[in-house]
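Grab a pencil and have the viewer open. Below are a few short exercises, each with a solution worked through step by step.

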Amino acid sequence: MNYSAREEEWADWMRRALDGDAQAYQRFLLAVTPHLRAMARRRCEQFGAPASEAEDVVQEVLLAVHLKRGTWDPARPIGPWLSAIVRNKLIDSLRRRGRHVSVPIEDVMETVASDDEAADAMDRLDAIHLLERLKDPQRDIVRSISIGGAGIRETAERLKMSEGAVRVSLHRALKKLAAFYRGETDDRSGRVEDE
């Protein structure tokens, strides 16, 4: 199967996942993970990052894909969307470590070919467990918007909150989830401090 056919298959699975098909979503994640890993390794090499950084980037990408899958436009190819997430997560990772990163415009436009390496990172990604660590209403907001696909207004009305409060809560919740995922918690409580 060539890359464009494979990418179309991924897009089809993601479209079905957005319509609530959990098996299609699992197939998508299992199929796309080796591609993400290969892309992360190439990006690490390109930016002079240690190869060990790639797996952390892959895990952050999988979490971002899960939490932000509603941002993908089903009418557009999925490869560039995935590539942008990998690039952004690697840049975030390098910046956290104090490295300055500049990205050539050509890198934003490229679509990277897939590597046929097979691997299963799904057992390391337990988004449901991470969500359970959030308190309400943050947990409800993330489930509603990032998983359920509801809008800010709809979520705010359902939870009897202002739209601004929902946006702030969603932002803080996603930041906490990322920190939980990276293991950045405060003291013994297992909670991440708000800024």
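**Exercise 1: an aromatic pair**

Tyr25 and Phe28 both sit in helix H2 (residues 22-46), three residues apart, or about one turn of the helix. (Helices are DSSP runs of H or I with at least four residues, numbered from the N terminus.) Before you start: this is a predicted model, where local features need pLDDT of at least 70 and side-chain atom pairs count only at pLDDT 80 or more, while totals for chains, interfaces and linings use all residues. Residues are numbered from 1 along each chain as its sequence is written, and side-chain values use heavy atoms, with hydrogens and water left out.

Task: work out how the rings of Tyr25 and Phe28 are arranged.

Solution.
- Step 1: count the pairs; the structure holds one aromatic pair (ring centres of Phe, Tyr or Trp, the last by its six-membered ring, within 6.5 Å).
- Step 2: the ring centres of Tyr25 and Phe28 are 6.5 Å apart and the planes make 15°, so this pair is stacked. The cut-offs are under 30 degrees for stacked, over 60 for edge-to-face, and tilted for the rest.
- Step 3: check the surroundings. Tyr25 and Phe28 are both buried (under 20% relative accessible area; exposed is over 50%, partly exposed in between, with a 1.4 Å probe and protein chains only).
- Step 4: look for a charge. The charged end of Arg69 sits over the ring of Tyr25, 4.3 Å from its centre (the rule: NZ of Lys or CZ of Arg within 6 Å of the ring centre and within 35 degrees of the ring normal).

**Exercise 2: checking a helix**

Task: does the length of helix H4 (residues 78-96) agree or disagree with what its 19 residues should span?

Solution.
- Step 1: the expected span is 1.5 Å times one less than the number of residues.
- Step 2: for H4 that gives 27 Å, and its end C-alpha atoms are 27 Å apart, which agrees.
- Step 3: now see what H4 tucks away. Its buried residues include Trp81, Leu82, Ile85 and Leu90.
- Step 4: Asn88 is in H4 too, but counts as partly exposed because its relative accessibility is 37%. Asn88 and Val57 are 31 residues apart in sequence and 9.4 Å apart in space, C-alpha to C-alpha.

**Exercise 3: two backbone oddities**

Task: where do Pro137 and Lys160 lie?

Solution.
- Step 1: Pro137 is in the loop between helix H6 (127-132) and helix H7 (138-147). A cis peptide bond joins Asp136 to Pro137, with omega about 5°.
- Step 2: Lys160 is in the loop between helix H8 (152-159) and helix H9 (163-182). Its phi is near 55°, a positive value in a residue other than glycine.
- Step 3: with a relative accessible area of 75%, Lys160 is exposed.

Key
Helices (H or I, at least four residues) and strands (E, at least two) are DSSP runs, numbered from the N terminus.
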